[in-house]
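Here is a short report on the sheet in this structure. Keep the sequence and the 3D view at hand while reading.

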Amino acid sequence: MIVYPTQENYQEAIHKLQKGELIGLPTETVYGLAGDATSDLAIARIFEAKKRPTFNPLIIHGSSQETFKDHVVWNDIAEILSRAFWPGPLTLVLPRVPTSRISLLASAGLESLAIRVPHHPVALDLLTKFKGLLAAPSANPSGRISSTQAIHVQEDFSELFILDGGNTTIGLESTIIDLTTAIPLLLRHGGLPVEEIESLIGSLEAPCKSPIKAPGMLKSHYAPSLPLRLNVKQPLENEAYLAFGHTTFKGDHILNLSPSGHLTEAAANLFKMMRLLDNTQFCGISVAPIPLKGLGMALNDRLLRAAAPREL
Ligand code: TXA
Ligand code: MG
């Protein structure tokens, strides 16, 4: 059920969360499938609903930096980054305080926790009213396309109580930085361009240079049902086409991520347009080249995983 964020519906959402039930929650990146981070029952339900491997930990969402103080060991870089970018599309991985009440299942038994403060009025209102922390992975079955509208969440989880927060503005998941290592490590490209982070704290260790990875970074992810081809300038017959920038192709099978060639607009449109073109009337989806800079890094990362041979 999709509902507007009225006072009554916030109360209903909180009531459900207190019972260990799940809700659909808008954030600025993608919609989340949210449950009380301290409830093992709620966390088990998240893994079950998403069919997510239990070795893949969840991001914990709070309304401010202070809400995490009993749960993670803070450091100077976390201070700089959270001051600069929270609320916003940045997740920080920090050592877990042993006495934290966050479900061990949520962090998949790791000695670290991934935390973020989302930049969305509905998410912040709910977190403030709930007076607690919410574990929220993206609201999509494991390995499939993320949700950027309430209707996408309903398509994937028909029984869920979903707070409608409109279209997500960023459209790609948060950037994840591991701060448990000597040099901050980029675990996932995302809605906050790496250049902005590096301008404050210097170079990040790249994920491929380190054996440590976000356990959820499976090669095949964000996958539509149809096969996907990347860096295509000329789509095949019967193939749907996701263009970027100026294009001469026209028709129902063509969508343009950003006719003006803007990466922010393309990021906001990516998952919605992949869902729209994922239709069996086509034999596949091909995608135009996207520049490898700024948000283009995260866009290319999502596309590469969506095009990878399916593992799930
Ligand atoms: O924008 C987002 O981050 C969205 C919205 C809903 O907040 N959430 C999201 O969650 O993308 P999910 O579950 O789809 O991705 C979480 C990622 C996974 O790759 C997981 O492995 C990683 O975060 N992660 C979680 N806890 C971690 C930890 N302690 N150490 C390393 N990686 C962790
Ligand atoms: Mg996800």
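The text below goes through the sheet, its pairings and a helix beside it. The model is a predicted one.

**The sheet**

The sheet is open and has 10 strands. Their order is 1-8-2-3-7-4-6-5-9-10, and the pairing is mixed. Which strands stand at the edges? They are strand 1 (2-3) and strand 10 (185-188). Each has a single partner strand, so one side of each is left without a neighbour in the sheet. Strands of a sheet pair through backbone hydrogen bonds, either parallel or antiparallel.

**A helix on the sheet**

Helix 2 (residues 40-50) packs on the sheet. Helix 2 touches strand 3 (32-36) and strand 7 (134-135). The direction of helix 2 makes about 155 degrees with that of strand 3.

**Three pairings**

The table lists some of the pairings.

| Strands | Direction | Bridges |
|---|---|---|
| Strand 4 (residues 59-61) and strand 6 (residues 112-116) | parallel | three |
| Strand 5 (residues 90-95) and strand 9 | parallel | four |
| Strand 9 and strand 10 | antiparallel | three |

Single residues can be matched too. His61 has Arg116 in strand 6 as its bridge partner.

**Around strand 9**

Strand 9 covers residues 175-178. Are its residues buried or exposed? All are buried. Thr175 and Ile177 point one way, while Ile176 and Asp178 point the other way.

Asp178 has a bridge partner on each side. Val93 is paired with Asp178 in strand 9, and Asp178 is paired with Leu185 in strand 10. Strand 9 and strand 10 form a hairpin, with six residues between them.

How values were computed:
Residues numbered from 1 in each chain as written. Chains lettered and ligands numbered in written order. Predicted model: local features only at pLDDT ≥ 70, side-chain atom pairs only at ≥ 80, totals over all residues. Heavy atoms only, no water. Pairing = 2+ DSSP bridges. Helix = DSSP H or I, 4+ residues; strand = E, 2+ residues; numbered from the N terminus. Contact = heavy atoms within 4.5 Å. Axes fitted to C-alpha atoms, helices over the stretch in contact; angles between N-to-C directions. Buried < 20%, exposed > 50% of the residue type's maximum accessible area, 1.4 Å probe, protein only.
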